[in-house]
Amino acid sequence: MTHTRSLLVTGASRGIGASVARLAARAGYRVAINFVSDSDAADRIVRDIQAEGGEAFAIRGDIASEPDVLAMFAAVEERFGRIDALVNNAGIVDRKSRLDEMDASRLERMMKVNVVGPMLCTRQAVRRMSTRHGGRGGVIVNVSSMAAELGSPSLYVDYAASKGAIDTFTRGLALEVAAEGIRVNGVRPGIIETDIHASRGEPDWPKEIADSLPMRRTGQPDEVARAVLYLLSDDASYVTGSILNVSGGR
Ligand code: NAP
């Protein structure tokens, strides 16, 4: 590595994104920690990284808002000079529901945050990384979900469909920019112990479902983060357009 790589992780104040940020900082990346509302949590991650000798800063921004995304990328450039890697991790889920009981505002929000948001962020990254635009290349990792394969009937088909869109986006974009120095890959986590389950009103769900999973346990955020770090790294130099299941077999 000839320079310290800079990385933006969306939704890095908690859960999987926070793990990615910590492990990336340990691997030598300068890390921009995006969050939308929990500035205390984001500041804690920054302090933890700095305490270990790493470099990080927190940046508020709603990935579903174009002005916020433009401001986020401008801040990363101002702070780090360039961006080498992007992890599109921020995402939302909603309460267990059948489609015929969901209102339109839920559907619009789901698609805006989980699909349009990563696309807005990625567009800014490609404009800076692509050799077509005078950039030096880069790496993008999209955080999908096993829900994209399973469909999540009677749970949240809207969320599952948003992640299906991310998988298609990953494959298509990887080919679109393959000759421009950018690799694009995805991970599909299974059930991982984070706050996301509480956010949809079922904080104990990981515990309840653990015994029914192939490995008889749910996953930890670091187990997903390690897969993300691999895809970001030069060890994955010939890997693009791939989606890695990190789901304990389901
Ligand atoms: P989490 O613990 O709920 O954390 C979500 C993170 O995203 C927080 O940092 C939050 O910021 C941020 N965020 C939410 N909406 C945002 C927005 N509009 N703009 C910017 N940031 C936003 O979630 P997680 O479980 O770590 O999930 C991370 C990713 O993994 C998501 O894409 C999720 O779909 C995917 N995933 C998770 C699981 C699982 O079981 N946990 C399984 C499959 C896939 P604040 O702290 O400011 O709210």
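This report describes the surroundings of the ligand and of residue Ser145 in a predicted model.

## The shell around the ligand

The ligand is surrounded by 32 residues, of which Ser13, Ser37, Asn89, Tyr159 and Thr194 come nearest. Sorted by class, this shell holds 14 nonpolar residues, 13 polar residues and five charged residues.

Several elements of secondary structure take part in the shell. At least two residues each are supplied by the helices α1 (15–26), α6 (157–176) and α7 (196–199), and by the strand β2 (30–35).

## Polar contacts and cover

Three pairs of atoms illustrate how the protein meets the ligand. A polar atom in the side chain of Asp62 is 2.8 Å from a ligand nitrogen. Asn89 approaches through its backbone, with an N or O atom placed 2.7 Å from a ligand oxygen. His197 uses its side chain, where an N or O atom lies 3.1 Å from an oxygen atom of the ligand.

Taken on its own, the ligand has 910 Å² of accessible area, and the protein covers 95% of this.

## The setting of Ser145

Ser145 belongs to the loop that runs between β5 (138–143) and α5 (147–150). Its relative accessible area is 8%, and Ser145 therefore counts as buried, since the limit for that term is under 20%.

A polar side-chain atom of Ser145 lies 2.9 Å from the backbone nitrogen of Ala147. When neighbours within four places in sequence are set aside, the residues in contact with Ser145 are Tyr159, Lys163, Val187, Arg188 and Pro189. Of these, Tyr159 is also among the residues that come nearest to the ligand.

Key
Residues numbered from 1 in each chain as written. Predicted model: local features only at pLDDT ≥ 70, side-chain atom pairs only at ≥ 80, totals over all residues. Heavy atoms only, no water. Near = heavy atom within 4 Å. Polar contact = N/O pair within 3.5 Å; in protein donor to acceptor, adjacent residues only side chain to side chain. Areas by Shrake-Rupley, 256 points an atom, 1.4 Å probe, with all protein chains shown as cover. Helix = DSSP H or I, 4+ residues; strand = E, 2+ residues; numbered from the N terminus. Nonpolar A, V, L, I, M, F, W, Y, C, P; charged D, E, K, R; others polar. Buried < 20%, exposed > 50% of the residue type's maximum accessible area, 1.4 Å probe, protein only. Contact = heavy atoms within 4.5 Å.
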